[in-house]
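Please take a moment to look over the sequence and the model together before reading on. The paragraphs below go through one part after another.

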Amino acid sequence: MHMDDLDQRIDAILRPGGTMEEVPGFSHRPQQLAMAQAICRALKGDRHLIVEAPTGVGKTIAYLLPAVLFALEQHRKAIVSTHTKNLQEQLLRNDIPLCRSLLRHDFSAVTLKGRRNYLCTGRLHAALESLGGLFPESEMGELQRIAAWAATTADGDVSGLPFVPSSSVWNAVCSEPGICTAKTCGGDCFFQRAKEQARRADLLVVNHSLFFSLLPFLQTEEQFLFSNDFVIFDEAHTLEAVASEGLGRRVSRRGLIAALHRLYHPRSKRGLLAHEKRPVKTAFRGMEELVDSFFDTLMRALPALPAQRAPQGREVRQVRVKHPSIVADTLSLPLQHLLNVVQAAEERLDDEALTREVAAVRSGISSDLRTLEEFLTLGNSDHAYWVEAQPPPQENVTLCAAPFDVGRVLGPKLFGDHGPVILTSATLSIDGSMTYIQDRLGAQSADTLAVDSPFDYLRQMRVWVFEDLPEPDNPDYASHVPPAVLACIKRTHGKALVLFTSTALMRSTSEALEEELAALGIRLLIQGKELSRHALLEEFRRDVHSVLFGLESFWMGIDVPGEALEHVIITRIPFAVPTHPLVEARLEDIENRGGNPFFAYSLPEAALKLRQGAGRLIRTVADKGVVSILDTRILRRTYGKVLLDALPRCPVELITLRGDSRPLERNEW
């Protein structure tokens with residue numbers, strides 16, 4: 001196939017009367033064809049491209065078809081990176097088989113996760129044999145169960161393990177750099193097998209976290225991404241957040257102590273170096289106490305830590321560190337001395353498997369030491385530094401560092417001369433422009449395209465905005481939310497997703513409404529209370545009159561078409577918490593460069609997230625429903641127009657707690 005035939009092949013599949021219409025349930029969508037053609041042009045012209053494709057366009061097929069055809073023609077690997085492991089599986093299970101049937105041509109496609117998801121058979125054998133003394137009897141039982149599973153599993157992916165292993169056991173048998181290599185493990189190792197399949201594949205599906213964790217290793221043996229490849233980032237609106245984390249570094253009290261115990265635990269007398277002579281084991285005495293003392297001193301040196309809520313819903317306290325040497329470095333010299341002792345012991349070992357294990361732990365502690373030293377000196381002016389403290393039962397203290405301007409770091413790596421790189425998502429533009437996302441990611445050189453929605457929002461969707469509620473910073477706001485939520489729920493008799501930005505507000509609202517909803521025969525499902533996120537969604541889909549209360553992870557990636565979801569209730573405009581250390585650093589950076597932090601960052605971020613939340617409602621051409629907004633700032637503040645304009649063009653009504661309503665005309669915004 002010649003490159004000039006790419007457009008013709010795509011056109012033959014997606015045009016009216018094309019191959020796509022032979023698939024039951026699929027029809028021609030001009031937006032899908034336009035997106036696929038634009039990606040064809042970008043690939044052939046070696047141009048970076050950003051495409052906004054609203055829900056219903058069929059963006060996955062629109063990028064898969066040209067990507068696969070181009071990869072086969074040019075003998076280059078197509079990499080698709082998406083936000084989560086679940087979306088990876090969805091691509092492999094649903095979209096890629098459809099792509100094969102449409103192309104009527106086979107191609108190799110594999111998904112790859114982070115290496116710690118895979119069992120390393122070499123480490124498993126070592127754990128069962130030469131390292132067996134490391135594990136107490138209960139953990140040896142787990143190892144035996146993993147060994148039995150290893151004989152039957154096809155891929156060695158921990159998600160297929162029929163039980164949840166303890167972290168200490170899985171950490172001892174999963175793939176780790178420096179221990180699990182092609183040379184030492186060979187083709188029997190599940191990760192090495194997966195890596196080899198990834199190298200040979202025409203199409204490789206990864207997640208953003210894995211992609212950015214591999215980005216620093218492009219010149220090493222880990223490089224099987226982005227040499228002569230091209231990349232398509234789906235769910236690209238999450239890239240800045242994921243890249244910040246992936247390009248950042250962390251060192252925690254618990255992690256450091258666990259690494260020391262892995263080498264030798266003075267109390268249990270277990271560890272990789274448990275058979276060494278007394279001088280080696282003596283070097284570990286007091287190290288745990290030194291680590292504890294350092295982190296305790298650090299916590300006392302910090303001001304009171306403001307409580308924040310991490311994206312996963314867990315409580316975490318965070319404080320930014322702006323000045324170097326906040327405490328004396330009492331750890332570096334003792335740790336370095338210990339590492340020297342460990343290295344000397346390592347050189348005397350005659351067991352290759354044990355040597356690799358010790359070297360890997362030593363390398364990890366050495367990396368933690370470098371992060372610790374950088375944290376205390378605030379060694380990188382492009383990074384924000386902060387401390388996170390988790391309360392019991394997962395009590396921990398973590399030192400964190402991450403780039404606050406991802407575009408400065410990422411832009412040259414991704415959007416330079418190699419590529420091309422394609423970005424796509426349903427929510428990327430602000431007021432019709434992609435400038436915001438281009439600036440945040442350093443993608444100014446990329447071409448842009450925004451395709452229309454195939455949905456008739458004027459017919460399918462309405463927006464209700466409460467006009468008689470206090471603003472969120474008013475002390476009375478929290479007490480007004482439950483009656484407003486109840487009024488909304490009653491109008492659709494359940495079938496509602498209620499989105500919160502605060503765990504405290506979600507809890508107080510659920511406590512206030514639980515009995516009333518039960519009396520109405522409406523089941524209340526609450527994130528983090530009992531069921532997992534996946535189980536919550538399954539119950540929400542099954543019980544069509546149920547109501548689901550959710551936090552950050554429910555603002556995006558939720559697909560509940562049909563009767564089960566006819567009402568999305570947004571309790572508060574989703575502004576990023578300005579006191580989060582990374583957000584604070586971003587705002588300061590914008591101000592230092594002469595920009596307005598609110599209009600350059602806070603407002604665009606909120607508008608994109610508001611669109612994501614509202615986008616949970618209409619998933620098919622048959623869906624109908626309402627988005628209710630309980631935050632009156634969207635009416636009373638001058639920036640409210642930007643937020644209203646971010647929503648699909650549809651009828652907007654002002655409502656009150658009494659039930660009054662009137663239309664809001666666009667000239668009133």
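In this predicted model, a good place to begin is Val 463, which stands opposite Val 627 in S18. This pair belongs to a junction between strand S13, residues 461–466, and strand S18, residues 625–629, and the two strands run parallel, joined by 5 bridges. Strands of a sheet pair through backbone hydrogen bonds, in either a parallel or an antiparallel manner.

Stepping back from that junction, one finds 8 strands that form an open sheet with mixed pairing, and their order is S15-S16-S14-S17-S18-S13-S19-S20. The edge strands are S15 (524–526) and S20 (661–663), each of which pairs on one side only, and from one strand to the next the twist averages 20°.

Helices pack on this sheet as well. Helix H20, made of residues 477–492, touches S13, S14, S16, S17, S18 and S19, and its direction makes about 170° with that of S17. Helix H24, made of residues 597–614, packs on the sheet too, where it touches S14, S17 and S18, while its direction makes about 150° with that of S17.

Another part of the chain to examine is helix H1, residues 5–14, in which Leu 6, Ile 10, Ile 13 and Leu 14 are buried. When one looks down the axis of H1, these buried residues fall within an arc of 80°, so they line one face of the helix. An α-helix has 3.6 residues a turn, so residues three or four places apart point the same way. The buried residues of H1 pack against three helices, namely H2 (30–45), H3 (59–74) and H4 (85–103).

Notes: Residues are numbered from 1 along each chain as its sequence is written. This is a predicted model: local features need pLDDT of at least 70, side-chain atom pairs count only at pLDDT 80 or more; totals for chains, interfaces and linings use all residues. Side-chain values use heavy atoms; hydrogens and water are left out. Two strands pair if DSSP finds at least two bridges between them. Helices (H or I, at least four residues) and strands (E, at least two) are DSSP runs, numbered from the N terminus. Axes are lines fitted to C-alpha atoms, for helices over the stretch in contact, and angles run from 0 to 180 degrees between N-to-C directions. Contact means heavy atoms within 4.5 Å. Buried means under 20% relative accessible area, exposed over 50%, partly exposed in between (1.4 Å probe, protein chains only). The arc is that of the directions from the helix axis to the C-beta atoms.
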